[in-house]
Amino acid sequence: MADYHFVYKDVEGTSTQWDDIQRKLGNLPEKAPAFKPPAYTPAQDEDSAPKDKAWFGGKTEEELEDLEDDKDLDDDRFLEDYRKKRLTELREAAKVRRYGSVTPISSSDFVREVTQASAEVWVVVCLYKDGIAECGLLLGCLEELASRYPGTKFVKIVSTDCIPNYPDCNLPTLLVYHHGAVKGTHVGLKSVGRRCTPESVALVLCQSEPVLNDGKSGDDDSSREAVMAGVRRQFIERVVKDHEDKDNDDDGYNSD
């Protein structure tokens, strides 16, 4: 025999008058809300994004090169010029930002790593020996400067590997090279100030030449001026901080 039972289902979200009365009396649970799909938001199309300075700023060197044949840029001379400018900036930055630490070298590396390399960048050479406290102190300062100024090359070499019979009493010694020649020599820790700090070492290195390069704008004069101003500011801030710390220590001692 056929099954004639039939269950009637209302359209989702609808309700009968009887059900509404029963819900008011608490005999039926609250009606579930009707399903409502989320509003459709189309994904941002990369090709439709506005091409402005911010858009170019997020592109890598390879992506900027690929945009050379972009027809939209051909119609906008300003954007094309900005693309070329941004590409040049990235290439220059990649050229100078290749250091960032004090690299150990041997005597056989000296010509390649120092003399020849200094035709393009400033090179700071530290002559040192393990076990000499003053050498360790200066090298710690140079490591910090190397991270701040990745456009300047910092290397270290055992003194007697560089100069046979070089006296330990002259250690540490800094040699500054540029264009294959020595531009500065600083012998002993006393040459970088009474207290050896990264700021005092930076100030000595930059006394007569813009040795330190932050790697942001290559050889641009404005970048050099910014570095020099930053070196002087950091030196003054360190002196003031050391003076304040000394005053605080004296107050603490007197209070006892």
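Two helix axes that meet at an angle of 65 to 115 degrees count as roughly perpendicular. In this predicted model, the axes of helix α7 (residues 133-148) and helix α9 (residues 198-205) cross at roughly 75 degrees and come within 9 Å. The two helices, α7 and α9, are therefore roughly perpendicular to each other. On the α7 side, the contact is formed by Leu 138, Cys 141, Leu 142, Glu 144, Leu 145 and Arg 148; α9 contributes Pro 198, Glu 199, Val 201, Ala 202 and Leu 205. Of the residues in this contact between α7 and α9, 8 are nonpolar, 3 are charged and none is polar.

The chain as a whole contains 10 helices and 5 strands. It has 256 residues, of which 33% count as buried. Among contacts with a separation of 6 or more, 64% join residues 24 or more positions apart. The exposed area of the chain is about 17,100 Å², and carbon and sulfur atoms supply 51% of it.

In soluble globular proteins, nonpolar side chains tend to be buried together. Here the largest nonpolar core comprises 40 residues. Val 125, Leu 142, Phe 154, Leu 174, Val 201 and Leu 205 have the most contacts inside this core. At least two core residues come from each of α6 (110-115), β2 (123-128), α7, β3 (153-158), β4 (173-178) and α9. Helix α7 gives the most, with 7 residues.

Val 201 belongs both to the contact of α7 with α9 and to the core residues with the most contacts. Beyond its neighbours within four places in sequence, Val 201 touches Leu 138, Cys 141, Leu 142 and Leu 145, together with Leu 174, Val 192 and Cys 196.

Methods:
Residues are numbered from 1 along each chain as its sequence is written. This is a predicted model: local features need pLDDT of at least 70, side-chain atom pairs count only at pLDDT 80 or more; totals for chains, interfaces and linings use all residues. Side-chain values use heavy atoms; hydrogens and water are left out. Helices (H or I, at least four residues) and strands (E, at least two) are DSSP runs, numbered from the N terminus. Buried means under 20% relative accessible area, exposed over 50%, partly exposed in between (1.4 Å probe, protein chains only). Contact means heavy atoms within 4.5 Å. Accessible areas come from the Shrake-Rupley method with a 1.4 Å probe; for residues, only the protein chains shown count as cover. Axes are lines fitted to C-alpha atoms, for helices over the stretch in contact, and angles run from 0 to 180 degrees between N-to-C directions. Angles under 35 degrees count as roughly parallel, over 145 as roughly antiparallel, 65 to 115 as roughly perpendicular and the rest as oblique. Ala, Val, Leu, Ile, Met, Phe, Trp, Tyr, Cys and Pro count as nonpolar, Asp, Glu, Lys and Arg as charged, and the others, Gly among them, as polar. A nonpolar core is a set of buried Ala, Val, Leu, Ile, Met, Phe, Trp, Tyr and Cys residues joined through side-chain atoms within 4.5 Å.
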